[in-house]
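Me: I am learning how to read a protein structure, and I would like to go through the links between its side chains step by step. Could you take my questions in turn and explain the reasoning behind each reply?

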Amino acid sequence: MVGNSPAFAEEGKEGLRYNQVQWKAAHNSYHQKTDMLTQLRDWQIRSIEFDFHVSKGKVRLQEKAPAGDFLVFHGATDDYSNCHLLSDCFGAVAAFHREQPDHEVITIFFDMKGVGEPGHTKADLYALMRKKLGSAIFTPGDLLAGCPDAQYLQEAVTRPDCGWPRLDELKGKIILVVSDGRDDIAKGYDLRKDLLFLVNKGGDSSKLHADLNIVFFNMAGPNPFLAEVKQAGLVSRSYWLNEKETYLKAKSLGANHLATDRIDPKEYPWANIEEQRH
């Protein structure tokens, strides 16, 4: 498939684990001119990103998201989106899930602003996720449950008798990860109840084990920290990989999710993971 590669695996090894795979990731998927279904169905993208807000515009011309929903756009000066509301974006993912219920695991990264305002609380966000994505969501609690007696997520994915789920175990699943805005989700965070995985953002290697429940790391460009994350058995995302050189460098450092705006496989063949196996 174009969207993934067993780039970390030994030759011929079966049952790759989630952290042993690299994906071409769509940076700001909602901002692409190509709609979400095409990205998922035709271009086989399995790592996507949504930025969402409670409102946009100036006070007198302000648009506010309906209660229980969120507006999807990048920023005040650039509000184009191929799915206006978060419910629309989730609806596209859900439509693909119905078409291909045994699809390879999809990972959705979020940058969020305004979670906590009335009608737009963490509970409202989770209710929307459950309504649109339902039992397809693979939660932190699911990951922890895969390693009996583990107290922390890092223990659950690195203990010799445990580890990340294998891809065949994650068929039809959707993993939800928050990057910007994580503090609003971290309040009262409960591994067994929350839907979102938390991220450490930045390339500071001293933070690798600072929070033992962080198993995702998100950073700009081909940062050397990517190799440390890989070595630790955790999962990384590298973004702003819009040039062939930076994309391939991040790939060589071991980034799992290679986030680029250059997702058209015909126009940018260098971003096709299938052609980049170790």
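The questions below deal with disulfides and then with salt bridges in this predicted model.

Me: How many disulfides does a search of the whole structure find?

Reply: One disulfide joins Cys83 to Cys89, and another is formed by Cys147 and Cys162. When the bonded cysteines are numbered in sequence order, the pairing reads 1-2, 3-4. The search of the whole structure therefore gives a count of two.

Me: Which handedness does the disulfide of Cys83 and Cys89 have?

Reply: The sulfur atoms of Cys83 and Cys89 are 2.0 Å apart, and both of these cysteines are buried. The handedness follows from the torsion about the S-S bond, which is about 85°, so this disulfide is right-handed.

Me: How many residues apart in sequence are the parts that Cys147 and Cys162 tie together?

Reply: The sulfur atoms of Cys147 and Cys162 lie 2.0 Å from each other, and with 70° about the S-S bond this link is right-handed. Cys147 sits in the loop between helix H4 (140-145) and helix H5 (153-158), whereas Cys162 sits in the loop between H5 and strand S9 (174-178), so the parts tied together are 15 residues apart in sequence.

Me: Are Cys147 and Cys162 buried or exposed?

Reply: A residue is called buried when its relative accessible area is under 20%, and exposed when that area is over 50%. By this rule, both Cys147 and Cys162 are buried.

Me: How far apart in sequence are the parts tied together by Asp180 and Lys201?

Reply: The side chains of Asp180 and Lys201 meet in a salt bridge, with 2.9 Å from N to O. Asp180 belongs to the loop between S9 and helix H6 (182-186), while Lys201 belongs to strand S10 (residues 197-201), so the pair ties together parts whose separation in sequence is 21 residues.

Me: Is Asp183 buried or exposed?

Reply: Asp183 meets Arg182 in a salt bridge, with 4.0 Å from N to O. Arg182 has 22% relative accessibility and counts as partly exposed. For Asp183 the relative accessible area is 54%, and because the limit for the upper class is over 50%, Asp183 is exposed.

Me: Which class of accessibility does Lys187 belong to, with its relative accessible area of 59%?

Reply: Lys187 forms a salt bridge with Asp184, and the closest N and O atoms are 3.8 Å apart. Asp184, at 26% relative accessibility, counts as partly exposed. Lys187, with a relative accessible area of 59%, is exposed.

Methods
Residues numbered from 1 in each chain as written. Predicted model: local features only at pLDDT ≥ 70, side-chain atom pairs only at ≥ 80, totals over all residues. Heavy atoms only, no water. Disulfide = S-S within 2.5 Å. Buried < 20%, exposed > 50% of the residue type's maximum accessible area, 1.4 Å probe, protein only. Helix = DSSP H or I, 4+ residues; strand = E, 2+ residues; numbered from the N terminus.
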